[in-house]
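Visitor: Hello! I am new to this structure and would like a close look at a single part of it. Could you walk me through one place where helices pack, and what lies around that place?

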Amino acid sequence: MPDAQPVSLHCFAHAGAGVSAFHGWPARLGPGVTAVPHLLPGRDRRRREPRATTREALLADLLDGFRAPGEPYVLYGHSLGAMVAYTLARALHEAGLPTPALLAVGACPPPDAASELSDACRESSDRLLDLFDSLGAVPEGARPGGLWYRAVLPVLRDDLTLADSLRRAARTPVAGAPFAVPLLAVAGDGDPLAPPGTMAGWARWTAGPVVRRTVAGDHFFVRGPALPRLLGRACRVVGRTAGARDAGPLAAHCVPAALAGPLVAVERG
């Protein structure tokens with residue numbers, strides 16, 4: 001086994017969010033792993049840029065940054081971010097560019113399953129507010145016409161439109177060889193939108209090995225400690241197996257095998 005290599009963990013947040021959910025991750029990921037949160041256009045310091053609402057606009061913003069990675073890397077996306085991460089990994093594969101050593105997705109139904117959030121992208125503002133309020137995503141004291149309604153609700157609607165676009169695009173056949181990136185699907189045990197049984201459906205979306213894991217939390221378990229600890233462990237496995245992965249296809253199974261233990265592993269091939 002070669003010496004462990006440093007690993008970059010590229011992170012994509014849920015709808016309406018910037019990157020604040022990942023601020024506490026460096027201390028929880030552990031050694032050898034660097035968190036790289038990606039801020040999508042139209043929010044925070046990029047608020048003056050047009051928001052991406054289509055696959056084409058998203059890839060125009062992201063793809064160039066992954067054409068020549070300097071070290072092994074992992075993608076993690078939460079909710080909307082899961083579709084962003086999957087779309088990016090698949091686009092890299094179809095372009096013949098280096099793909100992630102591991103694709104991790106959380107809190108997001110697979111593209112062929114119903115998605116209450118993205119399916120609501122064309123609903124009225126009242127319906128959207130009811131939905132987000134049921135998830136605890138509307139801050140206490142928010143009022144119609146207030147800052148949250150004016151600044152956050154339009155971002156949420158555009159992000160759900162993006163999610164709907166990505167899910168539709170994902171259902172088109174993969175161009176070229178089968179998409180075989182190893183995949184880790186993470187569910188929250190109290191998530192009403194993407195429970196463990198729904199997350200298991202991600203196994204249909206790669207020809208590579210798949211690992212499933214359930215952690216404590218609701219739809220926003222990204223804010224808790226269990227997820228970054230799990231991903232840190234996964235990234236260190238990637239770092240230890242990076243040399244073998246470059247040497248041959250057998251190493252594509254090393255990450256799921258090494259992560260097994262308390263995880264539920266689904267091996268194929």
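Guide: Let's start where α3 meets α7: from α3, the residues in contact are Leu-80, Met-83, Val-84, Tyr-86, Thr-87 and Arg-90, and from α7 they are Asp-159, Leu-162, Ala-163, Leu-166, Arg-167, Ala-169 and Ala-170. Sorted by class, this contact holds 9 nonpolar residues, 1 polar residue and 3 charged ones. Please keep in mind that you are looking at a predicted model.

Now for the geometry. The axes of α3 and α7 lie 9 Å apart, and the two helices pack at an angle of about 40°. Because of that angle, α3 counts as oblique to α7. The crossing of α3 past α7 is left-handed.

Next, follow α3 to another partner. Helix α2, which covers residues 55-62, crosses α3 at roughly 75°, and their axes come within 11 Å. That angle is why α2 is described as roughly perpendicular to α3. On the α2 side, the contact is made by Arg-55, Leu-58, Leu-59 and Leu-62, while α3 brings Val-84, Thr-87, Leu-88, Ala-91 and Glu-94. Here the classes come to 6 nonpolar, 1 polar and 2 charged residues. Val-84 and Thr-87 may look familiar: both take part in the contact with α7, and both appear again in the contact with α2.

There is also some enclosed space to visit. Across the whole structure, a search finds 3 cavities of 30 Å³ or more. The largest cavity holds about 120 Å³ of space. Its lining has 16 residues, and the closest to the centre are Ser-79, Leu-80, Ser-115, Leu-117 and Ser-118. Which elements give two or more residues to that lining? They are α3 (80-94), α4 (116-119) and α7 (153-170). So our two starting helices turn up here as well, both giving residues to the lining of the largest cavity. Leu-80 links the two views, since this α3 residue meets α7 and is among the residues closest to the cavity's centre. By class, the lining of the largest cavity has 10 nonpolar, 4 polar and 2 charged residues.

For a last stop, turn to the largest pocket, which contains about 360 Å³ of space. It is lined by 21 residues, and those nearest its centre are His-14, Ala-15, Gly-16, Ala-17 and Arg-223. That lining divides into 13 nonpolar, 6 polar and 2 charged residues.

Methods: Residues numbered from 1 in each chain as written. Predicted model: local features only at pLDDT ≥ 70, side-chain atom pairs only at ≥ 80, totals over all residues. Heavy atoms only, no water. 1 Å grid on protein atoms, 1.4 Å probe; cavity = no way out; pocket = protein on both sides within 12 Å on 5 of 7 lines; lining within 4 Å. Points joined across faces, edges and corners; volume = space filled by probe spheres on them. Helix = DSSP H or I, 4+ residues; strand = E, 2+ residues; numbered from the N terminus. Nonpolar A, V, L, I, M, F, W, Y, C, P; charged D, E, K, R; others polar. Axes fitted to C-alpha atoms, helices over the stretch in contact; angles between N-to-C directions. Parallel < 35°, antiparallel > 145°, perpendicular 65-115°, else oblique. Left-handed = near helix turned anticlockwise from the far one by under 90°. Contact = heavy atoms within 4.5 Å.
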